[in-house]
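I opened this structure to see what sits where. These are my notes, in the order I looked things up.

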Number of protein chains: 2
Amino acid sequence: MTQMKKITINDVALAAGVSVSTVSLVLSGKGRISSATGQRVNEAVEQLGFVRNRQAAALRGGQSGVIGLIVRDLTTPFYAELTAGLTEALEAQGRMLFLTQGGRDGERMRRGFEALMKQGVDGIVIAGAASEGAALRDEANRLGVPLVFASRASYLDDADNIRPDNHQAAQRLTEHLIKRGHQRIAWLGGRSSSLTRAERLGGYCATLLQYGLPFHSEWIVECEPSQNQAAQAINALLRHNPTISAVLCHNATVAMGAWFGLLRAGRQSGEDSFESYFDSTVALAAFAEVEEERLDDIPGAFVLTPAREMGRSVAERIMQRIQYAEEPIKSQIIAPRLVTRK
Amino acid sequence: MTQMKKITINDVALAAGVSVSTVSLVLSGKGRISSATGQRVNEAVEQLGFVRNRQAAALRGGQSGVIGLIVRDLTTPFYAELTAGLTEALEAQGRMLFLTQGGRDGERMRRGFEALMKQGVDGIVIAGAASEGAALRDEANRLGVPLVFASRASYLDDADNIRPDNHQAAQRLTEHLIKRGHQRIAWLGGRSSSLTRAERLGGYCATLLQYGLPFHSEWIVECEPSQNQAAQAINALLRHNPTISAVLCHNATVAMGAWFGLLRAGRQSGEDSFESYFDSTVALAAFAEVEEERLDDIPGAFVLTPAREMGRSVAERIMQRIQYAEEPIKSQIIAPRLVTRK
DNA sequence: TTGAAAGCGGTACCAA
DNA sequence: TTGGTACCGCTTTCAA
């Protein structure tokens, strides 16, 4: 309430008894200024509570220091984590993030893009692009704005693209099971329309073949991300294919559902020992979206995509692109991390 | 690649054969302009692919149309959902969001605050404030910037504050159990240092007393948000207090863990029927962070704080504050929603 | 109905 | 080492 009027460098200049250009120089630490005036200016700044207006600065010369993000859906743990990593890295560089949501089907991607352009961002990140992506890429480079894509599966080839290595993730998980003695490994979860799933399935199949293990299409079952459906699905699967000894789950929800299903089936089977039933029958392994320390009751291995790290990589990439306009297109594939318990 | 140079209203004015002021008027739809020139200008805009620079606009005249968010931790589902609701509502009003993270202990709140100020935001939202909050509130109103807090429990009194009604949430959940015939209801989860938990416990106790039901401090057990620990904790609890017939879980993770624990205990108990064991022994109910359609295997009721709605309310509140500077301080309590399954 | 011109808060070049 | 000053892109009186 003390002072409602905005303080500008003029006020500072006046108070310090110097010119605005001097103040500007002190602020940006550019020209060689005598420590005496430097002092005076800084004192004035302090005393008046001056806050520099970056918009004005950006208007005149350089960059706004702001990069825009169009994220598919913040509510998805993966994207939330990615966004967190991205802001972290940007803030560490004194930059900021403009947030917009694209929507699950990209309905609002275009609007977001335009809003960001109006705000004069230095670059744009699109996390989880929809079909709209290609058009925006063209638009962006028509306008000369650096654009980087981050996604969960392969995307456009002729654009910077950072994504997880789904193939390798599946491979590692499958290999892990094989090395633990499993020969008959099934797949549970995901929708067949998912590209991420397709890439993972590729890694799974490849690994099975590589080890000369059987592969049956009936062992690959789709399933909505619901615990209940996963529980039912795994039991149906095992009932029809009792020889299956391990199941790869497409995500944590499915894994939990499967685990619930197994617990109940185990009970119903009338086995004597709880432990022996599961250890001797079905092992679980799953793809995790983020660090799942909380889900520590589910036995088995997880492979996770370090989404936060991915976010940091995205930050670096976009900053490079801003720095060197002529940087060639470059994609980056983030390696998964295998986490085994117990 | 076609045109790297930025198009300004000057270019448009030139192309349309009018003055910049005319273009500006057309753009903002203010002055009365003949539809003829209106046409010409719009064509030029279209043709040149002009994008208006909001920074410049904000510099001269009014607001930047941007509000800043300092969020404790985007990775928490609750805050992610809140943020999503907030951006949604803001975007619907043609405004945008600057995102910064404050950190779990508010380490980076101050930095974020200053960065936002430099960017010239119209207002600031702090979601999940730490101790730093009070200082920032003072700072904000020294600088004359509207500030709104959003949190999971009560916070500062002399500031706008939007939060869930934890008391009522616990009350409804407890009442739900009582009406289903439960008389001996325990509490599982949360840390005793949590204010949210304290408020919920208040509602729980109040309701028990109100119905003349027994209340034992041994029935209230702390527990880390880990499935495993929850599973162990519930079993220990029930072993020592076999008469307990229902358990309130502090969050979904604890609820799942408890459910895992019950499933295993049920098996080990050697009951004949899976269903009967649980139905006749322990019912679960839980506080959920967000819509948990995915967690549909856990039986029992949930009460959830509509975080997304909360985000929208926050958006409205901050916009009001921006609009009417002299608006009095006002807090808002968001009612919970009870969800029962089956 | 339209145009000219004065800023908004800074930056940066050119002189002093 | 400093000061003067012409912009940056747009809004907004004030005249024409």
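**B:Asn251**

I started with B:Asn251, in the loop between β8 (246-249) and α11 (252-269) of chain B. Helices (H or I, at least four residues) and strands (E, at least two) are DSSP runs, numbered from the N terminus. Is B:Asn251 buried or exposed? I found it buried, with a relative accessible area of 14%. Buried means under 20% relative accessible area, exposed over 50%, and partly exposed in between (1.4 Å probe, protein chains only). I then listed the contacts of B:Asn251, leaving aside neighbours within four places in sequence: B:Pro225, B:Ala286 and B:Phe287. Contact here means heavy atoms within 4.5 Å.

**Ground rules**

This is a predicted model, in which local features need pLDDT of at least 70 and side-chain atom pairs count only at pLDDT 80 or more, while totals for chains, interfaces and linings use all residues. Residues are numbered from 1 along each chain as its sequence is written, chains are lettered from A and ligands numbered from 1 in the order in which they are written, and side-chain values use heavy atoms, with hydrogens and water left out.

I checked the confidence of chain A next. Its pLDDT (the predictor's confidence in each residue, from 0 to 100) averages 89, and 94% of the residues score at least 70. Over residues 268-279 of chain A, pLDDT stays under 50. The model has 18 contacts beyond four places in sequence for that stretch.

**Helix α9 of chain A**

I turned to helix α9 of chain A, residues 195-210. It has 16 residues and reaches 22 Å from first C-alpha to last, close to the 22 Å expected at 1.5 Å a residue. The expected span is 1.5 Å times one less than the number of residues. A:Ser194 caps the N-terminal end of α9(A), with a side-chain oxygen 3.3 Å from the backbone nitrogen of A:Thr196. Just after α9(A), A:Gly212 takes a positive phi of about 65°.

Which residues of α9(A) are buried? Among them I noted A:Thr196, A:Leu201, A:Tyr204, A:Thr207 and A:Leu208. The buried residues of α9(A) pack against α8 (166-179), β6 (185-188), β7 (220-221), β8 (246-249) and β9 (283-288) of chain A.

A:Leu209 also lies in α9 of chain A. At 60% relative accessibility, A:Leu209 counts as exposed. I looked at how A:Leu209 relates to A:Ile7, 202 residues apart along the chain: their C-alpha atoms are separated by 70 Å.

**Two buried residues in other helices**

A:Thr174 lies in helix α8 of chain A. I found A:Thr174 buried, with a relative accessible area of 0%. Not counting residues up to four places away in sequence, A:Thr174 touches A:Ile185, A:Tyr204, A:Thr207, A:Leu208 and A:Leu248.

A:Leu237 lies in helix α10 (residues 227-240) of chain A. It is buried too, with a relative accessible area of 5%. Leaving aside neighbours within four places in sequence, A:Leu237 is in contact with A:Ala186, A:Glu218, A:Trp219, A:Val221 and A:Ile244. A:Leu237 and A:Trp187 are 50 residues apart in sequence and 9.8 Å apart in space, C-alpha to C-alpha.

**DNA strand C**

How many residues surround DNA strand C? I read 23, the closest being A:Ile9, A:Ser24, B:Thr22, B:Thr37 and B:Arg60. A residue is near a strand if one of its heavy atoms lies within 4 Å of it. Of the strand C atoms within 4 Å of the protein, 62% belong to sugar or phosphate and the rest to bases.

I looked for polar contacts (N or O atoms within 3.5 Å; within protein, one must be able to donate a hydrogen and the other to accept it, and residues adjacent in sequence count only if both atoms are side-chain atoms). A polar side-chain atom of B:Thr37 lies 2.7 Å from a phosphate oxygen of strand C. A polar backbone atom of B:Arg60 is 3.1 Å from a base oxygen of strand C. α4(A) gives the most to the surface near strand C, with 4 residues.

**DNA strand D**

Around DNA strand D I read 22 residues, and A:Thr22, A:Arg32, A:Ser34, B:Ile9 and B:Arg60 come nearest. Sugar and phosphate account for 64% of the strand D atoms that come within 4 Å of the protein. A polar side-chain atom of B:Arg52 lies 2.9 Å from a phosphate oxygen of strand D. A backbone N or O atom of B:Ala56 lies 3.2 Å from a base nitrogen of strand D.
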